[in-house]
Amino acid sequence: MSILWAIIAGLVIGLLAKLVIPGRQPIPLWLTVLLGIVGGIIGNFLASAFGVADTGGVDWIRHFFQIGAAAVLIMLVTPFWSRRRV
């Protein structure tokens, strides 16, 4: 079940990250999900490093780290994916 939740969370994080980035990112949905999952893991690590991984209520700071990490990954991967497709 944890793999299913990781895929769902990766989809949400990846799509939110794509919304934050200006312009169009011509990468497929499976790559968005994969980068969202990796961004979620990196964001959790960063939140733990800054001591904000577990707070009372919704962990907004942790979610911002996750979305930010996924956005950076998408910005790094998009030029390589676009160049590969040409």
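This is a short tour of a predicted model, stop by stop, with a selection to make at each one.

Before you start, note that residues count from 1 along each chain as its sequence is written, and that side-chain values use heavy atoms, without hydrogens or water. Because the model is predicted, local features need pLDDT of at least 70 and side-chain atom pairs count only at pLDDT 80 or more, while totals for chains, interfaces and linings use all residues.

**Stop 1: helix α1**

Select residues 2-20, which make up helix α1 (helices are DSSP runs of H or I, at least four residues, numbered from the N terminus). From first C-alpha to last, the 19 residues of α1 reach 27 Å, close to the 27 Å expected at 1.5 Å a residue; that expected span is 1.5 Å times one less than the number of residues.

Now show the side chains of Gly-10, Ile-13, Gly-14, Ala-17 and Lys-18, the buried residues of α1. Here buried means under 20% relative accessible area, exposed means over 50%, and partly exposed lies in between (1.4 Å probe, protein chains only). These buried residues cover an arc of only 135° around the axis, so they sit on the same side of α1; the arc is taken from the directions from the helix axis to the C-beta atoms. Turn to the other side of α1 and you will find Trp-5 and Leu-19 exposed.

**Stop 2: the annotated segments**

Next, select residues 27-52 and 64-82, which an unreviewed UniProt entry annotates as "transmembrane region"; such annotations may be inferred rather than shown by experiment. Residues 27-52 are 81% helix and 0% strand, with end C-alpha atoms 31 Å apart. For residues 64-82 the figures are 100% helix and 0% strand, with 27 Å between the end C-alpha atoms.

**Stop 3: the aromatic pairs**

How many aromatic pairs are there to find? Rings of Phe, Tyr and Trp (its six-membered ring) pair if their centres lie within 6.5 Å; planes under 30 degrees apart are stacked, over 60 edge-to-face and the rest tilted. The count by this rule is two.

Pick Trp-30 and Trp-81: this pair is edge-to-face, 5.8 Å centre to centre with 80° between the planes. Trp-30 belongs to helix α2 (residues 29-49) and Trp-81 to helix α3 (residues 60-85), so the pair ties together parts 51 residues apart in sequence. Trp-30 is exposed at 53% relative accessible area, whereas Trp-81 is buried at 15%.

Finish with Phe-50 and Phe-65, whose ring centres are 5.4 Å apart with planes at 10°, so this pair is stacked. Phe-50 is in the loop between α2 and α3, and Phe-65 in helix α3. Phe-50 is exposed at 58%, and Phe-65 is partly exposed at 24%.

Technical notes: Helix = DSSP H or I, 4+ residues; strand = E, 2+ residues; numbered from the N terminus.
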